[in-house]
Amino acid sequence: MSKLVIVGTVAFDAIETPFGKTDKILGGAATFIGLAAAHFDIDIAAVSVVGSDFPQEYLDLLSRKNIDISGIEIVKNGKTFFWSGKYHNDMNSRDTLVTELNTLANFNPVVPKHYRDANIVVLGNLHPIVQLSVLDQMLNKPKLVVLDTMNFWMDSALEDLHQVMKRVDVITINDEEARQLTGEYSLVVAARKIHAMGPKYVVIKKGEHGALLFHNEHVFYAPALPLEEVFDPTGAGDTFAGGFAGYLSKTGDISFENMKNAVIYGSTLASFCVEKFGTLRMEHLKNEEIHKRLLQFKQLTQFEIKLG
Ligand code: AMP
């Protein structure tokens, strides 16, 4: 079976949206990536760190989804990474209220031995030095390395981020962050500049406005599915990355043509993630529901036009 390694935060999140507020609930980039990738019948390992305050039931939940958690270190007397955010009324933008690194500040990731030959690695949102350390532990250069990052790391570790970017094949980044990274307003120009920094494939996520995939002069666009209910966008970007990488891992085909399908899978999974707070929707998502929504996606975007 195809092996996928995910590194990223496993966290407590406290979220505020126009529809309500949560106390500390399960969150983290690796959590959302893992829950999405778990739908593809592949071997998945999550590499992360938590404190002893992290509930066993959350770890059990990941295990139940067949995610190997032997690479999640539990630091005795340590505190788990905590993030809190508040969404604006349009739900497309948010303010980070709190980022407490806690155990993440001294995290030395260890990729489980039997996963060091994985063919796909997802470097979820984390300090770029930690992301590099994971790449250094792989026995061979993986077939595909996908990087996700955010403004927090651009502000605090830009030089290191540039080092990681040189070693990845795909970057997934949101529109605002692509503009911050390049200083360009046009996403086409921004994508070109990001290409020049390393990644051959650039995915720019535009929240409810879908996602763009750039590769040299080729561009593919997938809208987001118009949803009746958007409750909490937290984790949508990570869920997208998990669906994208999971699909590529399952199919073993990393051509641009197949990446288009991966974008559709990523968008479809992300459309579920936003329907409930935190990980709730993803915890109970069934494959039949995904299949149904993929069909809706197809209908939404397919048309016959006769060109004279
Ligand atoms: P997303 O909405 O896809 O950008 O991801 C949100 C998740 O990222 C939340 O569950 C947070 O726990 C996690 N997160 C927030 N800030 C950071 C950060 N600076 N580094 C790593 N993970 C973070």
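1. In which loop does Gly124 lie? In this predicted model, Gly124 belongs to the loop that runs between strand β9 (120-123) and helix α3 (128-137). Its relative accessible area is 0%, and because buried means under 20% relative accessible area, Gly124 counts as buried.

2. The surroundings of Gly124 include residues from distant parts of the sequence, as the pair Gly124 and Ala30 shows: these two are 94 residues apart in sequence, yet their C-alpha atoms are 6.2 Å apart in space. If neighbours within four places in sequence are left aside, the residues in contact with Gly124 are Val7, Gly8, Ile33, Gln131 and Asp148.

3. Helix α6 covers residues 175-182, and its buried residues are Asp175, Glu177, Ala178, Leu181 and Thr182. They lie on the same side of α6, because the arc they cover around the axis is only 165°. For a student meeting this pattern, it helps to recall that an α-helix has 3.6 residues a turn, so residues three or four places apart point the same way.

4. What do the buried residues of α6 pack against? Their partners are the helices α4 (151-156), α5 (158-165) and α7 (187-196), together with the strands β11 (170-174) and β12 (201-205).

5. Both ends of α6 deserve a look. At the N-terminal end, Asn174 acts as a cap, with a side-chain oxygen that lies 3.2 Å from the backbone nitrogen of Glu176, while just after the helix Gly183 takes a positive phi of about 70°.

6. The second largest pocket holds about 280 Å³ of space. It is lined by 14 residues, and those closest to its centre are Phe220, Asn261, Ile264, Lys298 and Thr301. By residue class, the lining divides into nine nonpolar, three polar and two charged residues, and at least two lining residues come from each of β14 (218-222), α9 (256-273) and α11 (287-301).

7. Ile264, one of the residues closest to the centre of that pocket, is found in helix α9. When residues up to four places away in sequence are not counted, Ile264 touches Phe220, Ala222, Leu294 and Phe297. Ile264 and Val170 are 94 residues apart in sequence, and here the C-alpha to C-alpha distance is 16 Å.

Terms used
Residues numbered from 1 in each chain as written. Predicted model: local features only at pLDDT ≥ 70, side-chain atom pairs only at ≥ 80, totals over all residues. Heavy atoms only, no water. 1 Å grid on protein atoms, 1.4 Å probe; cavity = no way out; pocket = protein on both sides within 12 Å on 5 of 7 lines; lining within 4 Å. Points joined across faces, edges and corners; volume = space filled by probe spheres on them. Helix = DSSP H or I, 4+ residues; strand = E, 2+ residues; numbered from the N terminus. Nonpolar A, V, L, I, M, F, W, Y, C, P; charged D, E, K, R; others polar. Buried < 20%, exposed > 50% of the residue type's maximum accessible area, 1.4 Å probe, protein only. Arc of directions from axis to C-beta. Contact = heavy atoms within 4.5 Å. Polar contact = N/O pair within 3.5 Å; in protein donor to acceptor, adjacent residues only side chain to side chain.
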